[in-house]
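Thanks for coming, everyone. Please have the sequence and the structure open while I talk, and stop me whenever a term is unclear.

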Amino acid sequence: MKRQVLLLFSVVFLRSVVCQVSYSIPEEMAKGSLVGNIAQDLGLDVKRLQAGKARIHTGDSVEYIQLNKERGLLTMKEKIDREALCGQTTPCALHFQIALENPIEIFPVTVEITDINDNSPVFEKEERRFEISESAVIGSKFMLEKAMDPDIGLNGLQSYTLKPNDNFILKLHGQSDGGKKVEMILQKPLDREKQEFASLLLTAVDGGEPQRSGTMQIHITVLDINDNAPVFTQAVYKAGVNENSVKGTFITKVSASDADKGSNGEVSYLIGNSMTGVSKLFHITEDGHLILNGPVDYEKAKKYEIDVEAVDRGGLSDSSKVIIDVSDINDNSPVIKIISSSNSIAEGSLSNTVVAVMSVNDPDSEENGKVRCVINKNTPFSITSTSSNFYSLVIDSDLDRERASEYNITVNCSDEGVPSLSSSVTLTLQISDVNDNAPVFERSSYEAYIVENNTPGLSIFTVKARDADWNQNARVSYILEDSSVNGVPVSSYVSVSADSGVIHAVRSFDYEQIKDFQFHVKAQDGGSPPLSSNVTVKIMIQDQNDNPPQVLYPVQTGGSLVAEMVPRSADVGYLVTKVVAVDVDSGQNAWLSYKLQKATDRALFEVGLQNGEIRTIRQVTDKDAVKQRLTVIVEDNGQPSRSATVILNVAVADSFPEVLSEFTDFPHDKEYNDNLTFYLVLALAVVSFLFITCLVVIISVKIYRWRQSRILYHSNLPVIPYYPPRYSDTLGTGTLQHVYNYEVCRTTDSRKSDCKFGRAGSQNVLIMDPSSTGTMQRMQTEKSILDEPDSPLEVGIFQF
């Protein structure tokens, strides 16, 4: 097999310089035969054909050639009959495209089909009969039917022979369509008396190898005298007809005359080239009217040449040619074929990226075949004509999946005929997502409130961020940014749920310790690389009424009596004293109100609701008792409210001796002293017991350690000191970790003695020496107003 390859280089569409490859192969090649190495001829790697999903696009045509992507070869898929494919059209070629994806590339391929001599010349009829008058003159012409050979060139019809050729010779006339008109010419007069019947053999021969031929039998009957043959008025008639004209349309009229009289002068007409199918499309009447007998299509045949023969009754004839031009009308809409297209494309793709390639054809001619294509407006795409009949759909502006995730692109192609015909096709293109959007919080900052004394793990608030991307790129995770609050990591205060953004309290908050704090939460998507954004969250601690009021004045001194003195000459509104209290809570929880709960004489004193001032509400009289006891309650405004009480002793007198004589007889003193004595004795017993116990333990430990040291000394083992639990050796002076202080106070009154128990570790006692052997100094000396200035005060401090 001989094969020719022609490489043509041309710009087919944007971004791609494409080779146009042409091959030449003979018809009737067997299936699987090699056409060409397309990968090598295009300069492509076989891997590119596989990765690009290479395929052949033939449009509506039959796919005669297939692509082997694994080897990069074009092979025969079906046998090709050139005559069935192209008829007499030359050259005969297959046109198709090889389409690749990622990126889209189109490679036009042309395969020319060459003719082989596989057809013999054929006559439509196996025999032809003529009736010729014996008076026919030498040179009379008798038109013979042409033989048809579908092959072309040398393989087509070349010559005719006529045997025997005693009376007739053949004459061939070349025609504009490349065919040959054959006539039988009388070269020797006929003699009916010698030979009434004659049989001739007409042979048609082609020029192929091997040579092929076809024959037709001619039977001649010699008639009596017929002097004149018909003669056409024109050798060539020209006419025109529009395609798609209706059956029966009149085309033209041919005319021939015969000088004979009678029946020899009667002329009939017939179409000579009936084998080409012309007789199916056209019909000629007895009077020479050429009528349209079937549909004519400009796209199939633009011109018809018809051989018309005029024959008289004597067998003489003449021939003429009728040339019919078919006029094109705009009867074909543009045909759109998608060669290659992408179903999806990533947002952010560059401008002029090819999305689809299509071929657009209109079989009509001239203006009727000129096509213009447009796409619907308001899309980020454009359509351009890249070469003859090829259009590319390309990106014209930025793509953003968040604005539009899908486009329905309608390509509308219309011709320039009148009226214009159009066709359209719709492409659906998905815009795939890339991670180009960071999560965005619903607010620029957040504030949340939580009541103090909350339960750890309580949900405080939810932050929410949205990502305009899709799927994994839009999956948001929440992260607590590292920071500190008062030197403590913020993670010990709150936590953030990675999936939901719910903020939980890690600890219980105390408003009196921290009133607010802020931190940052990061929202991060699941793209690659991930994008993120931050937001500030401020947590406000709300106060709860969890602290009662604290009385600052007057100071409560346990058993010691503190009294305010009011002279009997005091007027109405006299300021006795003022109760001062505070509440560490805030807001309405710290709003304090003062009320007089109990009083010896409620008609004598009142307490200011807001300021706690105790004033007289009437004139003091001699009848009023010297000893006045007031109980004041201090309440806050919380829900529920909390309170504290304070007891005040008021002496209504003008001098101190009067006050002393009255206040020493308080009925509660004896009960108070008895209780104090009981608790003091109990405390001494407990402390003595602890002291003896500790002494025993210390002696036991000493003995144990001595025995251990002896054992270790004899065993040569290392000495490891042992200390009993909670043992504290402070410079070897003792094991007790606490200091207990007792104060014994003795007054000048011989009837009673006061004994006061001091609290362990009291703020009133300062330890000056860490060895616990130093002195402890009383920081504050409580002094009763009942004590005289020169009364001796004895303070005893006992340390165990």
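**Loops, backbone and a surface patch**

Let me begin with Pro 640, which sits in the loop between β51 (627-636) and β52 (643-652). What we have here is a predicted model, and in it the peptide bond from Gln 639 to Pro 640 is cis, with omega near -5°. Another cis bond joins Val 418 to Pro 419, again with omega near -5°, and Pro 419 belongs to the loop between β31 (406-415) and β32 (422-432). These are worth pausing on because most peptide bonds are trans, just as most residues other than glycine have a negative phi.

That brings me to phi. Asn 102, a residue other than glycine, has a positive phi near 55°; you will find Asn 102 in the loop between β7 (92-100) and β8 (105-114), where it is exposed, with a relative accessible area of 63%. Lys 53 is not a glycine either, and its phi is positive at about 50°; its place is the loop between α2 (46-51) and β4 (55-57).

Now to the surface, where Phe 678, Tyr 679, Leu 682, Val 686, Phe 689 and Leu 690 make a nonpolar patch of about 640 Å². One of them, Val 686, lies in helix α6 (residues 668-715) and is partly exposed, with a relative accessible area of 43%.

Stepping back to the whole protein chain, we count 6 helices and 56 strands, and of its 800 residues 41% are buried. Among its contacts with a separation of 6 or more, 67% are between residues 24 or more positions apart.

Definitions and conventions. Residues are numbered from 1 along each chain as its sequence is written. This is a predicted model: local features need pLDDT of at least 70, side-chain atom pairs count only at pLDDT 80 or more; totals for chains, interfaces and linings use all residues. Side-chain values use heavy atoms; hydrogens and water are left out. Helices (H or I, at least four residues) and strands (E, at least two) are DSSP runs, numbered from the N terminus. Buried means under 20% relative accessible area, exposed over 50%, partly exposed in between (1.4 Å probe, protein chains only). Contact means heavy atoms within 4.5 Å. Patches are made of residues with over 30% relative accessible area and no salt bridge: like charges are joined within 9 Å, nonpolar side chains (Val, Leu, Ile, Met, Phe, Trp, Tyr) within 5 Å. Accessible areas come from the Shrake-Rupley method with a 1.4 Å probe; for residues, only the protein chains shown count as cover. A salt bridge is a side-chain nitrogen of Lys or Arg within 4 Å of a carboxyl oxygen of Asp or Glu.
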